[in-house]
Amino acid sequence: MEHGVHKNALSVYHGIVGLIQLLQCKNKQIDFHRLKGLNHAHSLLQKATALDNHKQFMITIASGNVERVDWLVRIALGQKRGIRTILEPMDAAANVVYKPKSYSEKEAMMALVLLHLRGGQLAAFRQKALGLPGQSTLGTRTIMHPIIPSYTVPSVLEVGANIVASFKSVMDVVQAQGGVLHAVLMFDEIASKRRIRVDQKQDVFLGVCWQHGGKTSLKFVNEGDMEELFQSLDDDKAHYAAEATVGALGILCENNCIYPARVIIISGDCKKETGEEHTKILQTTLDMVEHKHSFMDVRVTCIASGGEKCRGSAMALLTFKNLLKPQSPIYEQLSLLVFMDLHVGFDDLTPDKDWKHVFKKIRNSMLWEQGTVIHHAQGAIDQSSCITPSILWVQLTAEGATSNHIWSSFNPKDLQDVCIAFNLLKDVWSLPRTPSALGGDGHSAGFLNLQEALWIFGKLLFHMVFPYVCVNLSLSEQLEHLSAVAHLYLLLFWRGGKAFIPTDLYIDLMLMIKNIYFCVAKAKVDNPQGLFWVILLGTDWLEELFGILCTMVGNNINPDILQLAEQISGTTEVANIFAKYLEWNHAPRRLQLPSLTRDSGEITARSDHIKPGACGQHYIEQQFPEFANTFKDMEAKKDITNLLPSGMLLVNIPQPDNNIDKSLEEVLQPLPYLNKTSTASRDPGDT
């Protein structure tokens with residue numbers, strides 16, 4: 001009784017106050033359980049409603065009536081909306097009443113690519129059908145400024161303005177690289193429509209060659225200026241621009257935002273200029289890049305070009321001014337390389353030839369009916385064998401190649417397809433030293449000599465192509481392959497001259513290899529901890545811009561100078577976007593090369609850093625011991641280099657009329673032996 005009556009005791013033991021308290025406690029328990037049931041029912045009802053809303057959300061997405069639903073949901077979540085309020089804009093979007101106006105960077109870049117490639121009509125369709133940004137919205141997203149074309153002799157002001165326009169949008173990325181950036185100044189030409197246009201931004205006439213444009217007024221003030229211009233064209237004082245010279249800068253670095261080529265000069269050309277005249281364009285561009293040092297710390301390490309002869313002469317004038325001086329930071333690395341030509345220009349500038357152009361020209365020279373003469377040794381006797389296209393046809397057929405495959409590789413009507421050139425070169429270097437189908441005893445001496453020559457020629461092609469297409473090689477291994485190519489080409493050219501390879505093609509190949517070594521040496525001095533990619537050299541990025549341009553204007557239509565200037569900014573922007581989103585890019589078919597691994601061909605086991613010396617020569621001597629004495633004889637002469645094989649610098653020697661460049665498209669004639677129905681089965685040694 002000390003603590004009162006227990007609550008579970010009978011009612012007769014409780015007083016009035018105790019009974020009242022028990023009654024109140026019971027009422028609370030009843031209210032609690034009743035409200036708990038109501039709460040559970042309400043909660044279940046809410047969850048059922050939310051589940052219905054989510055089902056409706058999924059059905060709305062599955063219906064496909066709502067465009068860009070990801071951005072719609074992203075915007076709603078950013079506004080702290082729930083599933084019920086998210087359905088409201090989705091219903092409005094399904095009824096085409098509401099469209100989200102926010103766009104991701106990827107969507108904007110996708111819309112820019114479509115706009116540049118196919119113009120405003122596709123842009124409007126894309127906006128209506130896919131909900132991507134329209135032209136007005138993209139105006140705030142574009143990252144390239146227009147390029148100023150040169151209507152007469154290119155001026156430093158025009159080039160300077162174009163440098164700023166091309167690189168201003170990526171200057172934060174350029175500056176983030178730190179140090180001195182190396183760049184390739186690349187030039188190429190593209191055919192232009194012979195048409196006069198008025199550039200309303202400058203009030204000038206475009207479409208006249210820069211060489212003779214100064215003989216008449218190209219400023220458009222009134223009708224009389226136009227009449228004077230056309231009278232000059234009729235009197236042959238001025239000429240229509242038959243092609244446009246395009247110059248671009250390509251940064252040598254791993255950042256895909258800045259290594260695509262950026263156009264800095266566009267100039268009309270009548271194809272009647274000399275090398276000395278073309279030097280003005282190259283020198284003006286070089287001077288302006290140097291002048292913009294405060295804007296962008298870039299060092300031009302080389303000038304790259306394709307196979308244009310006039311530009312080649314101009315490049316020789318700029319890059320063969322003197323020998324590399326002992327005071328140069330790269331002299332110590334290069335001076336010990338046997339047979340290396342050390343001629344350079346200002347700031348150790350060197351010329352470069354595009355490697356894909358070289359591959360195509362070598363393939364084209366192999367189709368020449370006179371053949372390729374290989375001087376070699378069979379035992380102790382010096383031999384020479386002529387590899388003609390008919391012999392190659394027999395050998396490839398004997399190794400199992402179909403006539404359709406051989407016909408495709410030998411097709412003389414398609415001389416610009418890099419993939420076809422690669423296929424033929426690979427077929428030749430894949431030929432065995434002892435043919436399987438023609439093997440056996442009793443072959444003639446001519447057959448054995450020819451087999452040895454084919455094997456040497458195949459090794460030559462393998463070492464030339466493999467560094468560019470093998471994805472597993474280190475830089476030192478690439479240099480070793482290229483050194484082997486240079487030594488073997490030098491030896492065979494020293495023995496056979498133009499019967500082995502056209503002189504112009506030999507010069508292009510040696511300039512290409514020489515430039516790689518010089519650029520690597522400069523990179524080691526300016527950026528010892530950096531990386532270097534051989535495939536970034538040449539004019540390949542500029543060719544890709546031209547491929548994009550053909551997509552814009554059509555494959556069979558040449559743009560005029562004004563159209564080229566207006567579209568080239570778009571091509572650069574598209575190239576930049578493709579470099580950032582690699583999964584979107586599909587390079588022009590005729591410029592594509594397959595990638596190979598080490599298993600796809602022979603490769604030396606050495607991978608240590610290349611040392612000064614002739615490691616390529618040692619490799620050739622291991623493969624061809626009979627060439628060791630020849631190399632010793634060449635070294636004993638002391639005045640032989642890869643560009644000076646006979647005592648005179650090849651780039652300074654006028655080529656005789658009978659030294660036809662067999663790799664040029666315009667002199668290559670249809671070959672009568674290329675007949676799909678031919679089935680050659682004779683011993684090639686009897687040829």
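Lys514 and Asp341 form a salt bridge, with 2.8 Å between the closest N and O atoms; the term stands for a side-chain nitrogen of Lys or Arg within 4 Å of a carboxyl oxygen of Asp or Glu. This pair links distant parts of the chain, since Lys514 sits in helix α18 and Asp341 in the loop between α11 (331-334) and β8 (343-344), 173 residues apart. Helices (H or I, at least four residues) and strands (E, at least two) are DSSP runs, numbered from the N terminus. Both Lys514 and Asp341 are buried. Buried here means under 20% relative accessible area, exposed means over 50%, and partly exposed is what falls in between (1.4 Å probe, protein chains only).

A word on the model itself. Residues are numbered from 1 along each chain as its sequence is written, and the model is a predicted one, in which local features need pLDDT of at least 70, side-chain atom pairs count only at pLDDT 80 or more, and totals for chains, interfaces and linings use all residues. Side-chain values use heavy atoms, with hydrogens and water left out.

The protein chain has 22 helices and 11 strands. Of its 687 residues, 51% count as buried. About 32,900 Å² of the protein chain is exposed, and carbon and sulfur atoms supply 54% of that area; accessible areas come from the Shrake-Rupley method with a 1.4 Å probe, and for residues only the protein chains shown count as cover. Contacts (heavy atoms within 4.5 Å) often span long stretches of sequence: among those between residues at least 6 apart, 76% join residues at least 24 apart.

Back to the charged pairs. Side chains of opposite charge can pair when their charged atoms come close. Across the whole structure, a search turns up nine salt bridges. One of them joins Arg197 to Asp560, with the closest N and O atoms 2.8 Å apart. Arg197 belongs to strand β2 (residues 197-199) and Asp560 to the loop between α19 (540-553) and α20 (561-580), so this pair ties together parts that are 363 residues apart in sequence. The two partners differ in cover: Arg197 is partly exposed at a relative accessible area of 27%, while Asp560 is buried at 0%.

Another salt bridge connects Asp526 and Arg299, whose closest N and O atoms are 2.7 Å apart. Asp526 is in helix α18 (residues 503-526) and Arg299 in strand β6 (residues 298-305), so parts 227 residues apart in sequence are tied together by the pair. Asp526 is partly exposed, with a relative accessible area of 30%, whereas Arg299 is buried at 15%.

Next come the strands around β4. In a regular strand the side chains alternate between the two faces of the sheet. For strand β4 (residues 243-251), nine of the nine residues are buried, so the strand is largely enclosed by the rest of the structure. Its two faces are both covered, with Glu243, Thr245, Gly247, Leu249 and Ile251 buried on one side and Ala244, Val246, Ala248 and Gly250 buried on the other.

Two strands count as paired if DSSP finds at least two bridges between them. Strand β1 (residues 181-191) is antiparallel to β4 and joined to it by nine bridges, with Glu189 standing opposite Thr245 of β4. Strand β5 (residues 262-269) also runs antiparallel to β4, and seven bridges join the two. Within that pairing, Val246 has Ile266 of β5 as its bridge partner, and Glu243 stands opposite Asp269 in β5. β5 is mostly covered too, with eight of its eight residues buried.

Gly213 is found in the loop between β3 (204-206) and α8 (223-234), and it is buried at 2% relative accessibility. Its C-alpha atom is 9.5 Å from that of Gly268, although the two residues are 55 apart along the chain. Neighbours within four places in sequence aside, Gly213 is in contact with Thr152, Val208 and Leu218.

Finally, the nonpolar interior. A nonpolar core is a set of buried Ala, Val, Leu, Ile, Met, Phe, Trp, Tyr and Cys residues joined through side-chain atoms within 4.5 Å. The largest one has 132 residues, and Leu461, Met464 and Tyr489 have the most contacts inside it. Helix α18 gives this core its largest share, 15 residues. Leaving out neighbours within four places in sequence, Tyr489 is in contact with residues including Ile362, Leu460, Phe500, Tyr506 and Met510. A second, separate core has 30 residues, among them Val159, Trp210, Ile303 and Ala314.
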